[in-house]
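Got your viewer open? Load the model, colour it however you like, and follow along one selection at a time.

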Amino acid sequence: MKVYVGKFRYIYDGDTDVIVATTQERIEQELIKMAEQYTEYLDEDERNSLGKANTFNEWNDIGSNNEWFELQWQLCEVKSDGHILKYAMETI
């Protein structure tokens, strides 16, 4: 079984939030949601200056260009019936 392990890394302190999904589309959707939540706290003018981001790459560019966050994912193979997060955490 293969799963996608996503990382939302805060650039200012290096903290990372980890999520797991079964498809590339789903992992990218979840990381985009996290990016949208991060920018909810900006005032309206700041949000408008970012432009309209719709794709994973556009959100990743916004995060890295402003030195806020980095979005990453990688495919990880689960080789046994052990808990799925064990394998996800090994990829980080």
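Start by selecting Glu67, which sits in the loop between H3 and S3. Helices (H or I, at least four residues) and strands (E, at least two) are DSSP runs, numbered from the N terminus. This is a predicted model, where local features need pLDDT of at least 70 and side-chain atom pairs count only at pLDDT 80 or more, while totals for chains, interfaces and linings use all residues. Residues are numbered from 1 along each chain as its sequence is written, and side-chain values use heavy atoms, with hydrogens and water left out.

What is the phi of Glu67? It is near 55 degrees, a positive value in a residue other than glycine. Here's some background: most residues other than glycine have a negative phi. Now switch on the surface: Glu67 is exposed, with a relative accessible area of 58%. For this and every later stop, buried means under 20% relative accessible area, exposed means over 50%, and partly exposed is in between (1.4 Å probe, protein chains only).

**Step back along the chain to H3**

Glu67 comes just after H3, so select that helix next, residues 56-65. Which residues of H3 are buried? They are Phe56, Trp59, Asn60, Ile62 and Gly63. These five cover an arc of only 160 degrees around the axis, which puts them on the same side of H3. (The arc is that of the directions from the helix axis to the C-beta atoms.) Spin the view to the other side of H3 and you'll find Asn57 and Asn65, which are exposed.

What covers the buried residues of H3? The cover includes helix H1 (24-39), helix H2 (44-50) and strand S3 (69-77). Show those three along with H3.

**Into H1: Glu28**

Next, pick Glu28 in helix H1. Is Glu28 buried or exposed? Glu28 is buried, yet has no salt bridge. A salt bridge here is a side-chain nitrogen of Lys or Arg within 4 Å of a carboxyl oxygen of Asp or Glu. For Glu28, the nearest side chain of opposite charge is Arg26, 12 Å away. When charges are assigned, Lys and Arg count as positive and Asp and Glu as negative; His and the chain ends are not counted.

So what does Glu28 touch? Leaving out residues up to four places away in sequence, Glu28 touches Phe56 and Trp73. Touching is a contact, meaning heavy atoms within 4.5 Å. You've already met Phe56 among the buried residues of H3. With Trp73, the side chain of Glu28 also makes a polar contact of 3.1 Å. A polar contact is a pair of N or O atoms within 3.5 Å; within protein, one must be able to donate a hydrogen and the other to accept it, and residues adjacent in sequence count only if both atoms are side-chain atoms.

Move along H1 to Glu25. Glu25 is exposed, with a relative accessible area of 59%. Draw a distance from its C-alpha atom to that of Phe56: the two are separated by 9.4 Å, although they are 31 residues apart along the chain.

**Hunting salt bridges**

How many salt bridges does the structure hold? There are three. Side chains of opposite charge can pair when their charged atoms come close.

Stay in H1 for Glu30, which forms a salt bridge with Arg26, the closest N and O atoms being 3.0 Å apart. Being four residues apart in the helix, Glu30 and Arg26 are separated by about one helical turn. Glu30 also pairs with Lys33, this time with the closest N and O atoms 3.3 Å apart. Salt bridges that share partners thus join Arg26, Glu30 and Lys33 into one network. Arg26 is partly exposed at 42% relative accessible area, and Lys33 is partly exposed at 42%.

Now jump to Arg9 and Glu70, whose closest N and O atoms are 3.3 Å apart in a salt bridge. Arg9 lies in strand S1 (residues 2-10) and Glu70 in strand S3, so the pair ties together parts that are 61 residues apart in sequence. Arg9 is partly exposed at 26% relative accessibility, and Glu70 is partly exposed at 24%.

**Zoom out**

Finally, show the whole protein: four helices and three strands. From the N terminus on, the elements run β-β-α-α-α-β-α. Buried residues make up 33% of the 92 residues.
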